[in-house]
Amino acid sequence: MASAAPSVSAHLSADPSSQQRWICVYPAYLNSKKSTKEGRRIAKEKAVENPTVQEIRDVCASQGLNVVIEANKRYPRELNLEPNLLGRVRVQLKKSDGELFKSQFANRKQLLIFVAEVIPRLKSRHVKAATASAEAVASNQGGGGGSSSRKSKKKRK
């Protein structure tokens with residue numbers, strides 16, 4: 001009388017390749033600035049500073065994984081509503097027959113660690129770092145000292 005089919009929640013499909021069954025990756029899972037209470041899922045040494053949904057998508061897509069961004073979603077533990085912290089990435093790990101999509105990623109943890117290792121090497125990260133350092137140098141050289149000398153000249157007259 002008992003059925004041999006595995007028990008599946010009423011709202012989820014039994015097919016592992018269904019988009020509902022793909023794993024979710026929130027930026028907070030990989031953020032080195034978050035504590036485990038705040039949602040970080042990997043070791044702090046392996047985590048990356050402030051990852052974005054686009055970076056996570058780029059890394060997963062480069063490995064040939066099926067990826068979907070859900071921009072209107074927010075991690076429940078994330079109290080900050082900044083646009084760069086919003087969204088999640090859904091990644092397919094299994095085919096419809098239950099076989100792994102990529103043998104390199106047997107589970108969620110392996111995928112998270114791989115993504116965190118690759119994000120710092122992305123070109124977008126290097127461009128951001130270069131522009132930030134150039135802006136810092138420009139602000140130090142500009143000094144803002146010119147306006148104070150004008151005020152002192154006015155006072156002398």
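This is a short walk through the structure, one selection at a time.

**The whole chain**

Begin with everything shown as a cartoon, and keep in mind that this is a predicted model. You will find 4 helices and 3 strands. Followed from the N terminus, the elements run β-α-β-β-α-α-α. Now switch on a surface: the protein exposes about 10400 Å², and carbon and sulfur atoms supply 51% of that area. Of the 157 residues, 31% count as buried. Contacts also reach across the sequence: among those with a separation of 6 or more, 60% join residues 24 or more positions apart.

**Helix α1**

Next, select residues 53-62, which form helix α1. Which residues of α1 are buried? They are V53, E55, I56, V59 and C60. Look down the axis and you can see that these residues lie on the same side of α1, because they cover an arc of only 165 degrees around it. An α-helix has 3.6 residues a turn, so residues three or four places apart point the same way. Step just past the end of α1 to G64, which takes a positive phi of about 85 degrees.

While you are here, color the cysteines C24 and C60. C60 counts as buried because its relative accessibility is 1%. C24 counts as buried too, at 13%. If you wonder about disulfides, a search of the whole structure finds 0.

**The nonpolar core**

Now show side chains for V25, L30, I56, V91, L111, V115 and I119. These have the most contacts inside the largest nonpolar core, a group of 29 residues. At least two core residues come from each of β1 (23-25), α1, β3 (88-91) and α2 (108-118). Which of the elements gives the largest share of this core? It is α2, with 7 residues.

Zoom in on L30 to see one core residue and its surroundings. Beyond its neighbours within four places in sequence, L30 is in contact with V25, I42, A47, V48, P51, I56, L112, V115, A116 and I119.

**Helix α2**

Select α2 itself. Its buried residues are L111, L112, I113, F114, V115, A116 and V118. Turn on the neighbouring elements and you will find β1, α1 and β3 among what covers them. At the N-terminal end of α2, look for the cap: a side-chain oxygen of N107 lies 3.3 Å from the backbone nitrogen of K109.

**K46, a loop residue beside α2**

Move on to K46, in the loop between β1 and α1. Leaving out residues up to four places away in sequence, K46 touches I113 and A116. Try a distance label between the C-alpha atoms of K46 and A116: these atoms are separated by 6.5 Å, although the two residues are 70 residues apart along the chain. K46 is partly exposed, with a relative accessible area of 42%.

**E78, a buried acid**

For the last stop, select E78 in the loop between β2 (67-70) and β3. Is E78 buried or exposed? With a relative accessible area of 6%, E78 is buried; the cut-off for that label is under 20%. What does the side chain of E78 make a polar contact with? Its partner is the side chain of K34, at 2.9 Å. Show the surrounding residues as sticks to complete the view: apart from residues up to four places away in sequence, E78 touches A28, K34 and L85.

Notes. Residues are numbered from 1 along each chain as its sequence is written. This is a predicted model: local features need pLDDT of at least 70, side-chain atom pairs count only at pLDDT 80 or more; totals for chains, interfaces and linings use all residues. Side-chain values use heavy atoms; hydrogens and water are left out. Buried means under 20% relative accessible area, exposed over 50%, partly exposed in between (1.4 Å probe, protein chains only). The arc is that of the directions from the helix axis to the C-beta atoms. Contact means heavy atoms within 4.5 Å. Accessible areas come from the Shrake-Rupley method with a 1.4 Å probe; for residues, only the protein chains shown count as cover. A disulfide is a pair of cysteine sulfur atoms within 2.5 Å. A nonpolar core is a set of buried Ala, Val, Leu, Ile, Met, Phe, Trp, Tyr and Cys residues joined through side-chain atoms within 4.5 Å. A polar contact is a pair of N or O atoms within 3.5 Å; within protein, one must be able to donate a hydrogen and the other to accept it, and residues adjacent in sequence count only if both atoms are side-chain atoms.
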